[in-house]
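Hi,

Here is the structure I said I would pass on. Have a look at it first, and then read my notes underneath.

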Amino acid sequence: MNASLPPALEARAAVGARLSSPSAARNRAVIAGALAGLLPPGARVLEIASGTGEHALACVAARPDLVWMPSDPDPAARASIDAWAREAGGAIAPALNLDVTQAGWAEGLTAGAVFCANMIHIAPWTAAQGLFAGAAGILAPGAQLHLYGPFLEGAATAPSNLDFDASLRARHPGWGVRALDDVDALAAACGFSRSARLEMPANNRLMSWRRSAS
Ligand SMILES: C[S@@+](CC[C@H](N)C(=O)[O-])C[C@H]1O[C@@H](n2cnc3c(N)ncnc32)[C@H](O)[C@@H]1O
């Protein structure tokens, strides 16, 4: 892994370049099923922080009409994504090297939807800011940005997510489970409004924001 990137929070098994994430094994089917109902027909989907690439494979298996564009700044992750992608019959493009904290990361990219799982809490807040700002340039009005992961939702926050937040902040002061209110405010500042909130297993959420007409 690139020394400038945070380590994965879990041990990943490796077979050749293919990495396997225990959490992705648990959640890929439910994520793929939920996203299948939200993504437009034939969409080109840009995935940020694809990790092992197992979500990409599950999503195109659930929706063979999609063209999936995975990305990750970690070279080992990109090698894994490309290795898993060989099972997808061309539905998954070669992994892009995208770091959403880098200025101009979204230049030249177009997509019908953007998806990102489990990144904004394991990266500085500038990553969430860069993600929404870049997605605003990529997505046409009406298109959606989808985020999967834990969120703080005031008094309704699950105790396990409060514990997870504390453990993340102990690891790195810039990390932490994000407050949904803060993400909604960031989204609004970038021209998005929330369009979906799906409850997922283990107190995770699939949250969607729609690009407003400019
Ligand atoms: C916990 S892993 C999640 C991977 C996958 N989405 C999943 O849910 O299994 C976090 C991923 O975020 C990526 N990442 C970290 N900082 C990033 C950044 N600034 N821009 C894009 N991706 C980033 C890491 O390389 C890593 O693959």
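Below is what I found, going from the sheet to the helices and then to the salt bridges.

One thing to keep in mind: this is a predicted model.

Let's start with the sheet. It is an open one, built from six strands in the order β4-β3-β5-β6-β8-β7, with mixed pairing. At the edges sit β4 (67–69) and β7 (192–200), each of which pairs on one side only. On average, neighbouring strands are turned by 20° against each other, ignoring direction. If you want to zoom in on one pairing, try β6 (residues 144–149) with β8 (residues 204–211): they run antiparallel and share six bridges. Within that pairing, leucine 147 has methionine 207 of β8 as its bridge partner.

Now the helices. Helix α2 (residues 54–62) lies across β3 (44–48), β4 and β5 (113–117), and runs at about 170° to β4. Helix α4 (residues 125–138) lies across β3, β5, β6, β7 and β8, at about 150° to β6. α4 also packs against helix α6 (residues 180–189), at an angle of about 40° and with the axes 9 Å apart. That crossing is right-handed. On the α4 side, the contact is made by Trp125, Ala128, Gln129 and Phe132, and on the α6 side by Asp182, Val183, Leu186 and Ala187. Sorted by type, the residues of this contact are six nonpolar, one polar and one charged.

Finally, the salt bridges, of which the structure holds eight. One of them joins the side chains of arginine 18 and glutamate 87, at 2.7 Å from N to O. Arginine 18 is in strand β2 (residues 18–20) and glutamate 87 in the loop between α3 (75–85) and β5, so this pair ties together parts 69 residues apart in sequence. Arginine 18 is partly exposed at 25% relative accessibility, and glutamate 87 is partly exposed too, at 48%.

Glutamate 153 is worth a click as well. It forms a salt bridge with arginine 197, with the closest N and O atoms 2.8 Å apart. Arginine 197 is in strand β7 and glutamate 153 in the loop between β6 and α5 (159–171), 44 residues apart. The side chain of glutamate 153 also meets that of arginine 205 in a salt bridge, again 2.8 Å from N to O. Arginine 205 lies in strand β8, so this second pair ties together parts 52 residues apart in sequence. Both glutamate 153 and arginine 205 are buried, whereas arginine 197 is partly exposed at 33%. Through shared partners, salt bridges join Glu153, Arg197, Glu199 and Arg205 into one network.

Cheers

Key. Residues numbered from 1 in each chain as written. Predicted model: local features only at pLDDT ≥ 70, side-chain atom pairs only at ≥ 80, totals over all residues. Heavy atoms only, no water. Pairing = 2+ DSSP bridges. Helix = DSSP H or I, 4+ residues; strand = E, 2+ residues; numbered from the N terminus. Axes fitted to C-alpha atoms, helices over the stretch in contact; angles between N-to-C directions. Contact = heavy atoms within 4.5 Å. Left-handed = near helix turned anticlockwise from the far one by under 90°. Nonpolar A, V, L, I, M, F, W, Y, C, P; charged D, E, K, R; others polar. Salt bridge = Lys/Arg side-chain N within 4 Å of Asp/Glu carboxyl O. Buried < 20%, exposed > 50% of the residue type's maximum accessible area, 1.4 Å probe, protein only.
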